[in-house]
Amino acid sequence: MAIERTLSIIKPDATRRNLTGAINAKFEAAGLRIVAQKRIHLSPAQAGKFYEVHKARPFYGELVEFMSSEPVVVQVLEGEDAIAKNREVMGATNPEQAAEGTVRKEFALSIGENSVHGSDAPETAAVEIAYFFSGLELVG
Ligand code: CMP
């Protein structure tokens with residue numbers, strides 16, 4: 001298995017409830033290393049650009065409004081098979097379908113306010129990491 005990097009976002013519903021540390025503990029327990037991390041407050045334009053792939057979806061406006069409503073923590077996770085491993089730790093997008101012990105099962109409030117985002121493939125991980133971080137900020 002290859003060492004990969006993936007982009008993770010701890011979303012406003014989680015930062016608001018002071019869950020950053022609890023979520024990071026789950027990543028670290030699964031063997032994912034946090035090699036970059038910062039807390040930022042996205043503008044609607046910045047959130048809109050990040051989620052541009054979902055622009056045609058009915059929930060796009062709601063998603064952009066939510067993601068720019070309060071601070072988020074953006075981070076790069078590194079480890080063996082990090083993209084798939086992070087998706088396992090996060091659980092299904094809809095918390096009602098998420099497995100026991102996953103971040104979304106434990107913390108998510110709804111399909112929209114689902115506590116975390118994670119890249120879904122190597123190509124998107126590269127684009128998403130570059131959206132938030134310069135190479136100098138990635139300290140493995
Ligand atoms: P995320 O992994 O960040 O990628 C896109 C996001 O859109 C997703 O998590 C959800 O938070 C959100 N999303 C997906 N489906 C819906 C939906 N039906 N209603 C509201 N938000 C949604």
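How far is an oxygen atom of the ligand from an N or O atom in the side chain of Lys11? I looked this up and got 2.7 Å. Note to self: this is a predicted model.

**Polar contacts**

I went on to the other ligand contacts. For His117, I find a polar side-chain atom 3.0 Å from a ligand oxygen. With Gly112 the partner is a polar backbone atom, and the distance to an oxygen atom of the ligand is 3.2 Å. I also checked cover: on its own the ligand has 450 Å² of accessible area, and the protein covers 80% of that.

**The shell**

Next I listed the residues around the ligand. They are Lys11, Tyr51, His54, Phe59, Glu62, Leu63, Thr93, Arg104, Ile111, Gly112, Asn114 and His117. Sorted by class, I get four nonpolar, five polar and three charged residues in this shell.

**The pocket**

Where does the ligand sit? I find it in the largest pocket. That pocket holds about 850 Å³ of space. I count 32 lining residues, and the closest to the pocket centre are Lys11, Tyr51, His54, Leu63 and His117. Then I asked which elements give two or more residues to the lining, and I got α3 (44-50), α4 (60-67), α5 (82-90), β4 (116-118) and α7 (122-132). The biggest giver is α7, with four residues. By class, I have the pocket lining down as twelve nonpolar, ten polar and ten charged residues.

**Cross-check**

I went back to Lys11 and His117 last. Both are in my list of residues around the ligand, and both are among the residues closest to the centre of the largest pocket.

Notes
Residues are numbered from 1 along each chain as its sequence is written. This is a predicted model: local features need pLDDT of at least 70, side-chain atom pairs count only at pLDDT 80 or more; totals for chains, interfaces and linings use all residues. Side-chain values use heavy atoms; hydrogens and water are left out. On a 1 Å grid over the protein atoms alone, a cavity is a set of points where a 1.4 Å probe fits but cannot get out, and a pocket is an open set with protein on both sides within 12 Å along at least five of seven lines; lining residues have an atom within 4 Å of a point. Grid points are joined across faces, edges and corners, and a volume is the space filled by probe spheres set on the points. Ala, Val, Leu, Ile, Met, Phe, Trp, Tyr, Cys and Pro count as nonpolar, Asp, Glu, Lys and Arg as charged, and the others, Gly among them, as polar. A residue is near a molecule or strand if one of its heavy atoms lies within 4 Å of it. A polar contact is a pair of N or O atoms within 3.5 Å; within protein, one must be able to donate a hydrogen and the other to accept it, and residues adjacent in sequence count only if both atoms are side-chain atoms. Accessible areas come from the Shrake-Rupley method with a 1.4 Å probe; for residues, only the protein chains shown count as cover. A molecule sits in a cavity or pocket if more than half of its atoms lie within 2 Å of its grid points.
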